[in-house]
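Let's take a friendly walk through a protein structure, pausing at a few loops and at the strands beside them. Have the picture ready as you read.

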Amino acid sequence: KNVFDSSGETIGKGLTASFVNGTIPSTSQVGRFTVDVRLTDSKSLSTIINVAVFIKDDYTSNSSEFALRATDFDVDLKDISQLNSIELNQLIIIKSKAEGWNITTGGVISNQITVLSTNVDNTNEGIYSAILKLEDVTRTINIKVIERTLKFNKVPSNLCFLSSIISSNE
């Protein structure tokens, strides 16, 4: 902002920018990062400045100051059936992998995320939603509640009983 070429030309005219030492920010991680940028004017005078960048993805909502990231998730009905609303909200924040940032300062403020509302019914399977909030940013996520049970559609008349170990709920 308000950077001038040494010749006094208009803002930004005659300047080139390049990343120092190949410090191009990676887009593989969400969050606020800083990179060094070399500004060079038309007379080859240069300076290096540190520039803050914020990387976001499809699971991130943001305002000019804050960013909130949360993902949809599945949960087993038995894992939520005994929860009260406070415990359910805590589970939503954890299972959605909610993360929050102050974009201006770079501070991680995930502990300030709250569940603004949810329509999750902890007694029935279904697809529900929750709205998470961080300062002036909200993000709606989907929550799929499933009941994992073992059911037999057809039982043969001749059964052979053997031992078997089921090693996972999935």
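Ser44 is exposed, because its relative accessible area is 59% and the cut-off for that word is over 50%. Keep in mind as you look that this is a predicted model. Where along the chain does Ser44 lie? You will find Ser44 in the loop that links strand S2 (31-40) to strand S3 (46-55). The backbone of Ser44 deserves a look too: its phi is near 65°, a positive value in a residue other than glycine.

**The strands around that loop**

S2 and S3 form a hairpin, with five residues between them, and Ser44 sits in the turn. How many bridges join S2 to S3? There are ten, and the two strands run antiparallel. To see one spot along this pairing, look for Leu39, which stands opposite Thr47 in S3.

S2 also pairs with strand S1 (residues 16-19), again in the antiparallel sense, over four bridges. Here you can look for Thr16, whose bridge partner in S2 is Thr40. While you are looking at strands, a general point may help: in a regular strand the side chains alternate between the two faces of the sheet.

**Two more loops**

Lys97 also has a positive phi, near 55°, and is a residue other than glycine. Its loop runs between helix H2 (85-95) and strand S7 (99-102). Is Lys97 buried or exposed? Lys97 counts as exposed, because its relative accessibility is 58%.

Asp136 lies in the loop between strand S9 (126-134) and strand S10 (137-146). With a relative accessibility of 55%, Asp136 counts as exposed.

Here are the three loop residues side by side:

| Residue | Relative accessibility |
|---|---|
| Ser44 | 59% |
| Lys97 | 58% |
| Asp136 | 55% |

**What Asp136 touches**

Which residues does Asp136 touch, not counting residues up to four places away in sequence? They are Ser63 and Phe66. Take Ser63: although Asp136 and Ser63 are 73 residues apart along the chain, their C-alpha atoms are separated by 7.0 Å. Their side chains make a polar contact with each other, at 2.9 Å. So Asp136 is a residue that counts as exposed at 55% relative accessibility and that also touches Ser63 and Phe66.

Key. Residues numbered from 1 in each chain as written. Predicted model: local features only at pLDDT ≥ 70, side-chain atom pairs only at ≥ 80, totals over all residues. Heavy atoms only, no water. Buried < 20%, exposed > 50% of the residue type's maximum accessible area, 1.4 Å probe, protein only. Pairing = 2+ DSSP bridges. Contact = heavy atoms within 4.5 Å. Polar contact = N/O pair within 3.5 Å; in protein donor to acceptor, adjacent residues only side chain to side chain.
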